[in-house]
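Work through the following exercises with the model open beside you. Try each task on your own before you read its solution.

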Amino acid sequence: MDSLVKIRSGELFYNNYSIKELANKYSTPLRVTFLDVIRKRISELKDAFSKAIKELNYDGSFIYLNANKANYSYLGLKTCEKYSDGLETSSYYDLLLSKKLLENDKTKYLVANGYKQDDYLNAIVDAKKESYNVIDIIDSIDEYERLKTKDINLEVGLRIHISAKYTEDGDVITDDRFGLKEDEFKYIINDIKNTKLVLTCIHFHQRGFDYEKEKFEENFEYVFKNYYVYAKRIVPTLKYFNMGGGTPLPTNYIFDYYSWAKYVINLLKDLSNKENISVPSLMSENGKYSQKDSIINIYKVIAKKDTDKDIPWYITDSSLLIALPEYYALGEPIEVVPATNLDKEMIKGRLAGVTCDCDDVYYKKDLGYLNLPKDINNLYIVCLGTGSYQNSMNGKGGVHHCLLPEEKDVVILESGDEILRSDLQSLHDILNKI
């Protein structure tokens, strides 16, 4: 994977666009979406698995599902739908939106995840009656029992409850609320023959922001050996091994996805051969992978404060908290770097929003500073990889931190045409939200 970030003549370019030119053209604060980055991400992963499957003579297929919850921008979702094999939903309204997106191609997969209240479950049943290619991922015994009463020939999957093996800030997360326990899983496997439901999928979710091969493989093998194999020997209709998350994010935008695809397909092939069962098709639900790098936020540095004589504060023209809620709330790693004056003297510095809030700051925690140009004249700062969860966590179109207006929002289409989706939020817009 080629780097999206390049430096030319002391300026940072992202996806071949000059940050300085975008900032000068639209002014800041500015949010920019690159729809062709979504296309590149999806196409690259699908191509990698297609090549690996062909080379390894694998009998199954690779099915790319977009996890909608990562970003509900309609243009972004339309791009994901265009290049994905289907959509994965998390709620009732998510399902209704996905039906709208797929209404002209109902052969694509519509995979329904999450806890199901009656409105959501009824909408799944309706989608089946309307000829959508829907699979309901059962998350609880209660959902299974309610679904049985619908008396409908519906494809279903079972979400497996597994303990997380990732850590956050040194605290081990040992459990979560999702999925079926082993006894619940076995009950359904042995009871489903008495219903019209058709089991086709075993689903599990990989946790964690960062890809760790050992933990990935441990989860993968555990679910396959203890759940997929068990179910396959009892229910012959089973054919999909569905992995939520787990796709590595580019490290410094460089990652060999073809080698990774070969590793995963080989893993499935070896596990299936050892258990003497037919290989499954691999479903992969991706949200952060396809969406994260499609959006950046640009700020202008408007002042420098030397309250600390060794490490000055660089004040930006908005609140960093607006652009980076996932960073502040969940510790999601997001790179914030200078975009201009890169050929000039660099010094230690820290970034601060224009707000009256001591938490509205950014610097590398392990260093206590960033390397920033000493010259702040026409200095722009860019937040990279803000495309996943930011628009839902920061309340798109709503009231923001310290009543600062939401940034200008520009979308660059696959054609290269630019759309100003919304201007800087006005006081009138803000007052209508209070």
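**Exercise 1: A core residue and its neighbours**

Task: Find which residues phenylalanine 49 is in contact with, leaving aside its neighbours within four places in sequence.

Solution: Contact means heavy atoms within 4.5 Å. With that cut-off, phenylalanine 49 is in contact with Phe62, Trp260, Ala261, Val264, Ile265 and Leu282, once the neighbours within four places in sequence are set aside.

Before going on, note that this is a predicted model, in which local features need pLDDT of at least 70 and side-chain atom pairs count only at pLDDT 80 or more, while totals for chains, interfaces and linings use all residues. Residues are numbered from 1 along each chain as its sequence is written, and side-chain values use heavy atoms, with hydrogens and water left out.

**Exercise 2: The nonpolar cores**

Task: Describe the largest nonpolar core and state which helix gives the most to this core.

Solution: Start with the term: a nonpolar core is a set of buried Ala, Val, Leu, Ile, Met, Phe, Trp, Tyr and Cys residues joined through side-chain atoms within 4.5 Å, where buried means under 20% relative accessible area, exposed over 50% and partly exposed in between (1.4 Å probe, protein chains only). The largest nonpolar core has 75 residues, and those that touch the most other members are Phe49, Leu158, Phe185, Ile202, Phe220, Phe241 and Trp260. Helix H9 (residues 257-275) gives the most to this core, with 10 residues; helices (H or I, at least four residues) and strands (E, at least two) are DSSP runs, numbered from the N terminus. A second, separate core holds 20 residues, including Tyr26, Val32, Ile296 and Leu384. In soluble globular proteins, nonpolar side chains tend to be buried together.

**Exercise 3: Two residues set side by side**

Task: Decide whether arginine 31 is buried or exposed, and then place tyrosine 230 in its helix.

Solution: Arginine 31 lies in strand E4 (residues 30-34). Its relative accessible area is 4%, so arginine 31 is buried. Beyond four places in sequence, the contacts of arginine 31 include Asn71, Ile296, Glu407 and Asp409.

Tyrosine 230, for its part, belongs to helix H8 (residues 213-232). Its relative accessible area is 28%, so tyrosine 230 is partly exposed. Among the residues in contact with tyrosine 230, leaving aside neighbours within four places in sequence, are Phe185, Ile189 and Lys225.

**Exercise 4: The whole chain**

Task: State how many helices and strands the protein chain has, and what share of its residues is buried.

Solution: The secondary structure comes to 14 helices and 23 strands. Of the 434 residues in the protein chain, 53% are buried.
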